[in-house]
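Please open the structure in your viewer and keep the selection tool at hand, since this tour moves from one selection to the next and describes what is found at each stop.

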Protein chains: 2
Amino acid sequence: MSAGNQEVVLRHSPQARPVAADFALVERPVPAAAPRGGLRVRVIALSLDPYLGSRMRGKHMGEPAPAPGASLPGSAVAEVLDSDHPDFARGDYVVAETGWTNIAAIPASGARKVDPTLPLTAHLGVLGMPGLSAWVGITQLAKAKEGDVLTVDAAAGTVGGVAGQIVRALGGRAIGIAGGPEKCALVTQRYRFDACIDYRTENWAAALKQAVGEGSTIHFENVGLAVYEKAFPLLRLYGRVVLCGLADHYHSDGPPAAYPLGAVMGKRATVMGMVVYDYFNRHPEWVQLGSRWLREDKLVQVDDISDGLASAPAQFERMVRGQHLGKALVRIGPDKA
Amino acid sequence: MSAGNQEVVLRHSPQARPVAADFALVERPVPAAAPRGGLRVRVIALSLDPYLGSRMRGKHMGEPAPAPGASLPGSAVAEVLDSDHPDFARGDYVVAETGWTNIAAIPASGARKVDPTLPLTAHLGVLGMPGLSAWVGITQLAKAKEGDVLTVDAAAGTVGGVAGQIVRALGGRAIGIAGGPEKCALVTQRYRFDACIDYRTENWAAALKQAVGEGSTIHFENVGLAVYEKAFPLLRLYGRVVLCGLADHYHSDGPPAAYPLGAVMGKRATVMGMVVYDYFNRHPEWVQLGSRWLREDKLVQVDDISDGLASAPAQFERMVRGQHLGKALVRIGPDKA
């Protein structure tokens, strides 16, 4: 740990979907101490999230793209080495914006303490921002209850996977849509969805319709129009739609994903756009419920973790290509130093 | 009245937006008595509603188009001449599906008694299906309250006009969008909206933006994409959208009105499709409240009424062209026989 510090930065701004060659591993001085009022932390696992791809191209929520050579945005679970803030102490575990590095000096304001007796990566996955996204969409927007029938795409990912697990925990049915037999196996066997449709197979739309049966009551969208236009017509009257993400379109310069207003009227549907940032103040509620469900095995965290900071660019490329199986992470350091 | 009966029927199926020449006036026998369990009524005023245009082309809610020569769907206010149903008596005033005729023999099931001490045409307008549509969208879907800022198109029409009048009655601001100075004068002077933007003027979108000021909280859509794509971006975060109608698209074979899902996410908007038929059981609530507001002059009924059954085809053509000013109606008989 004391043998220098490394950081992954952009070599140049990605022009389209980022690839490993867009990144470079550079040497950095090790931060000597916690910044005034802040923390010095040892990064354990870095979260790779789909929105980062559009963020790197300056296409996420109006935030500027990081310049080549500058620190990349990245959330991680980390151990506090030194604290200059009364709420944190050496040895605490936190989730914080550390960037893609080994040792980070960070403000305390963005850090939140996490329970070290749970699997640490769960704090980035089912209990982290992806899990919060699912909880917000399913419980606060769609207000799921017993008897609901959910369709959700990117179901092998953490957001989609948690969405289905919550619906099932509340007494509903969950039908996932994912790409490939390995992902579908993950969805049905690990996440225990009622069904998973592989959209790479022929006639997947017919298979989805059959799995849905008498109609869905909630559709949770993570991907984009190709799934949406098959799933929307399967809604029952008064169906609810949560628009959580459009990952297929983040790396595309094609036309925006647009859907007919007349179909929304015909279904008497309610279509709700969500941005998880609006619900950060509700995060503790989900952490409390999700932690209990994790311990009761009603909720599972599945990691797709690569080893070492140098693996981050290739792991990121896998993630934006959708080749990961479970939560995409980079292992930076051991759980315990 | 006893000198025979007339009816307006389709001469042939309209290929596009219906015109007066698509209709014919034919002679019919006068129904001699109420049908078993039903009513014989004298039609006073016939309602002309935009959905009839798509209905005549077989493009409304999957209902079949009326065949040439067959009775046309049409709701009217009428006086009961003879009743074979215990709930109705000679001299009652009702709103019912009478078709486009002078004297109709109808089932009692579709008739509802109305208060003859109110202006009779109000039962087809602000207290009828158009007013119910506005009440449902504004109070049941958008759940308007004090401080809301509404944009609504076709604001000179009954649905749009009532939508704004309800928002104002609840303590909000209403900004209408309508075509031409006469309609805008109706909207601001008779309906007492805070502002009305004439979409036929240059820079109307900029004028709308200025009228909205810090952003709208509800958009109520009656027309179609041309207005929608200007009004949606003016919504504040968490804005609500009611999709009540897409009149511009009913007579078009062009591409459906589609709007980007990403914009819904960015606004954290809630977009709700409505079909007023679902709320018929709530109609008495609106009739009660709306009648009070009519008497208190918080709500006004403005009629655009042509004279005599023979005028119905030309009046219908005016209505589908949007040339009417207020509720489009045909006067068939006097209020009191």
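Begin by selecting A:Gly322, a residue that follows helix H10 of chain A and has a positive phi, near 75 degrees. Before going further, bear in mind that the model on the screen is a predicted one.

Now step back from A:Gly322 to the helix before it, and select residues 312–320 of chain A, which make up H10. This helix is mostly covered, for seven of its nine residues are buried. To see them, show the side chains of A:Ala312, A:Pro313, A:Gln315, A:Phe316, A:Glu317, A:Met319 and A:Val320, the buried residues of H10(A). Which elements do the buried residues of H10(A) pack against? Colour strand S1 (5–10), strand S2 (23–28) and helix H1 (51–56), and then strand S15 (303–307) and strand S16 (327–331), and you will have the elements of chain A against which those buried residues pack.

Next, zoom out until the whole of chain A is in view, with its 10 helices and 16 strands. Along its principal axes the C-alpha trace spans about 60 × 45 × 35 Å. A compact globule of 337 residues would have a radius of gyration near 20 Å, and the 20 Å of chain A agrees with that. Of these 337 residues, 58% count as buried, while the accessible surface of the chain comes to about 13,500 Å², with 52% of it belonging to carbon and sulfur atoms. If you colour by charge, you will find 35 positive and 33 negative side chains in chain A, and the centres of the two sets lie 3 Å apart. Among contacts between residues at least 6 apart in sequence, 66% join residues that are at least 24 apart, and the next two stops give examples of residues far apart in sequence.

Select A:Phe220, which has its place in strand S11 (residues 216–221) of chain A. Is this residue, A:Phe220, buried or exposed? Its relative accessible area is 0%, so A:Phe220 is buried, the cut-off for that term being under 20%. A distance drawn from C-alpha to C-alpha between A:Phe220 and A:Ala134 comes to 8.8 Å, although the two are 86 residues apart in sequence. Leaving aside neighbours within four places in sequence, the contacts of A:Phe220 include A:Ser133, A:Ala134, A:Leu150, A:Val159, A:Val242 and A:Cys244.

From there, move to A:Gly215, in the loop between helix H5 (204–212) and S11 of chain A. A:Gly215 is also buried, with a relative accessible area of 7%. Not counting residues up to four places away in sequence, A:Gly215 touches A:Val149, A:Leu234 and A:Arg236. With A:Val149 the separation is 66 residues in sequence and 7.5 Å in space, C-alpha to C-alpha.

Now turn to chain B, and select helix H2 (residues 129–141), where 11 of the 13 residues are buried, so that the helix is largely enclosed by the rest of the structure. Among these buried residues of H2(B) are B:Pro130, B:Leu132, B:Trp135, B:Ile138 and B:Leu141. Just as H10(A) is followed by a residue with a positive phi, H2(B) is followed by B:Lys143, whose phi is positive, near 50 degrees.

Finally, display both chains together. A rotation of 180 degrees, with 0.0 Å of shift along its axis, superposes chain A on chain B with an RMSD of 0.0 Å, and that is the relation of a two-fold axis. Since 100% of the interface residues of chain A are also interface residues in chain B, the copies meet through the same surface.

How values were computed
Residues numbered from 1 in each chain as written. Chains lettered and ligands numbered in written order. Predicted model: local features only at pLDDT ≥ 70, side-chain atom pairs only at ≥ 80, totals over all residues. Heavy atoms only, no water. Helix = DSSP H or I, 4+ residues; strand = E, 2+ residues; numbered from the N terminus. Rg over C-alpha atoms; globule rule 2.2 N^0.38 Å. Buried < 20%, exposed > 50% of the residue type's maximum accessible area, 1.4 Å probe, protein only. Contact = heavy atoms within 4.5 Å. Areas by Shrake-Rupley, 256 points an atom, 1.4 Å probe, with all protein chains shown as cover. Lys, Arg positive; Asp, Glu negative; His and termini not counted. Charge placed at Lys NZ, Arg CZ, Asp CG, Glu CD. Least-squares fit on C-alpha atoms with pLDDT ≥ 70 in both.
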